[in-house]
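Here is a report on a protein and the DNA beside it. The surface near each DNA strand is taken in turn.

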2 protein chains.
Amino acid sequence: MSAADQIFAMLKESSQSGAPLYLQLRKSIEEAVNRGLIGPGDALPSERDIASKADISRVTVRKAVQDLVKGGILVQRHGSGTFVAPRMERVEQSLSRLTSFTEDMARRGMTVRSVWLDRGLYAPSPEEMMVLGLSSTELVARVARLRIANDTPLAIERASLSASVLPDPEAVGSSLYAALGMTGNRPVRAVQRISATNLGDADARLLEVPPGVAGLQIERISYLASGKVIEFTRSVYRGDAYDFVAELRLTEPGEEIRP
Amino acid sequence: MSAADQIFAMLKESSQSGAPLYLQLRKSIEEAVNRGLIGPGDALPSERDIASKADISRVTVRKAVQDLVKGGILVQRHGSGTFVAPRMERVEQSLSRLTSFTEDMARRGMTVRSVWLDRGLYAPSPEEMMVLGLSSTELVARVARLRIANDTPLAIERASLSASVLPDPEAVGSSLYAALGMTGNRPVRAVQRISATNLGDADARLLEVPPGVAGLQIERISYLASGKVIEFTRSVYRGDAYDFVAELRLTEPGEEIRP
DNA sequence: GCCGAATAATACCAATAAAATACCAATAGC
DNA sequence: GCTATTGGTATTTTATTGGTATTATTCGGC
């Protein structure tokens with residue numbers, strides 16, 4: 001079996017890293033399938049064969065194989081053998097979700113940094129009094145920053161919170177949510193509105209684009225478990241340089257595969 | 001390992017200030033997460049590893065790590081390791097389902113009507129051939145309509161499908177998905193990109209706004225259970241009259257993540 | 001100078017995962 | 001049917017992980 005030998009060769013190659021054995025093996029098999037060394041319908045060597053040739057326990061082999069079965073890449077039949085699953089698209093692990101700014105940028109291989117535009121306590125605007133439920137005698141904490149990816153300004157984030165939950169805005173580190181969480185004010189729910197707007201002069205200048213260019217505006221209201229509004233954030237993204245990607249899913253795909 | 005090393009590098013860098021060790025470390029980890037060096041679900045080096053590499057006590061490391069756990073940035077599992085918490089956004093409502101425009105607006109209590117702009121079979125554009133996987137001899141079905149809510153034009157929807165799944169575009173009624181479902185071609189998964197764009201002359205005229213006004217552009221690719229692309233839709237919404245609402249549930253600190 | 005809180009270190013406890021061993025159960029081929 | 005071969009499972013050992021109690025040190029305010 002040439003294909004099997006190639007798997008073993010790959011395994012040997014990667015066996016220098018300190019990673020767990022079953023992960024190394026899993027990766028080797030996965031690559032063999034991806035490169036087409038073993039195609040859909042082909043049988044893998046038996047678990048015992050792999051185990052003895054690679055000189056590891058069969059349970060370890062099994063752990064690797066079962067991960068791939070769960071991932072839909074392999075199919076096993078009791079008493080028969082292990083086979084490469086018939087073509088079927090890879091089941092995406094991620095459920096419906098919006099990717100966050102930093103996550104998204106990291107995946108695109110960009111380095112992200114932020115510049116503070118504002119951190120301080122102010123008298124609340126009428127809008128802030130409404131949304132955050134403040135009286136005119138209370139103060140509001142405002143935290144604003146410019147998000148920059150690969151030296152290109154990408155977004156402006158302006159958050160408003162009650163001063164009672166963030167008495168010292170200057171102390172906020174790189175993550176606002178971390179600062180909130182550490183004082184026991186972690187939001188558990190949020191409602192987000194995504195719309196489009198033409199950038200005004202000030203925002204356009206910060207984002208280094210001509211005024212009037214289209215921007216993605218996101219308004220988010222975060223709630224505590226008690227239902228109280230804790231934060232209101234309005235962000236503007238450069239429309240020409242950023243887009244939101246959302247993956248949607250309706251139903252679970254069927255699992256049964258019987259030849 | 002590279003990510004871990006970068007954390008240590010950052011730690012070293014900031015180690016000149018007189019601040020407490022655990023604060024310096026906390027900031028380093030926070031930044032590493034924040035700029036995506038280690039993403040959600042990734043494991044941190046073990047507390048002992050960090051301690052020995054940074055040449056500080058493990059309890060000090062622990063103090064820093066636990067602060068971030070309390071802040072919801074990290075998640076720890078006894079006997080297993082410390083992991084970056086899954087990013088907070090999880091789509092609950094409108095974005096998590098493939099809702100049709102009609103459903104969406106009905107929920108907001110608006111009466112909706114549509115005007116057909118186009119229904120026909122065409123030779124595919126290069127973009128359509130790529131996305132839908134068509135050969136140049138096959139035909140593409142295009143369905144375009146202007147969506148009007150309460151007598152205000154709100155959106156332009158242009159859908160492209162392989163003619164093999166929609167041989168008679170003229171027969172499409174008020175719902176494209178209904179037509180697809182009846183021939184057993186119901187999409188189960190979609191990837192959606194939301195961006196902002198300045199409306200061109202033609203689209204602006206249709207939407208009855210001046211050219212250059214900001215519009216929400218949504219590109220959606222729908223997949224069958226088999227993984228085959230079935231539909232490609234590009235929609236433009238009036239930025240001043242429509243917005244996407246998404247309800248997000250933020251992750252609980254104790255929530256399961258499995259590497 | 002004294003006290004207390006924040007900081008840091010030491011030593012030990014507990015949960016989990018990785019891996020191995022031994023055995024059970026289904027299938028294919030005769 | 002029987003039998004060799006396949007995947008399936010239960011149990012245990014070991015190393016590694018986070019968790020905790022206890023103690024020493026430093027620093028700031030009185």
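The surface near DNA strand C divides into 10 nonpolar, 9 polar and 4 charged residues. Here Ala, Val, Leu, Ile, Met, Phe, Trp, Tyr, Cys and Pro count as nonpolar, Asp, Glu, Lys and Arg as charged, and the others, Gly among them, as polar. A residue is near a strand if one of its heavy atoms lies within 4 Å of it. This is a predicted model: local features need pLDDT of at least 70, side-chain atom pairs count only at pLDDT 80 or more, and totals for chains, interfaces and linings use all residues. Residues are numbered from 1 along each chain as its sequence is written, chains are lettered from A and ligands numbered from 1 in the order in which they are written, and side-chain values use heavy atoms, leaving out hydrogens and water.

Among the 23 residues around DNA strand C, Ser57(A), Val59(A), Tyr22(B), Ser57(B) and His78(B) come nearest. Sugar and phosphate make up 62% of the strand C atoms within 4 Å of the protein. Helix 4 of chain A gives the largest share of this surface, 3 residues.

DNA strand D has 25 residues around it. Its surface has no nonpolar, 15 polar and 10 charged residues. Helix 4 of chain B supplies the largest share, 3 residues.

Polar contacts (pairs of N or O atoms within 3.5 Å) include these:

| Side chain | DNA atom | Distance |
|---|---|---|
| Tyr22(B) | phosphate oxygen, strand C | 2.7 Å |
| Thr60(B) | phosphate oxygen, strand C | 3.0 Å |
| Arg62(A) | phosphate oxygen, strand D | 2.8 Å |
| Gln76(A) | phosphate oxygen, strand D | 2.7 Å |
| His78(A) | base nitrogen, strand D | 3.1 Å |

Methods:
Polar contact = N/O pair within 3.5 Å; in protein donor to acceptor, adjacent residues only side chain to side chain. Helix = DSSP H or I, 4+ residues; strand = E, 2+ residues; numbered from the N terminus.
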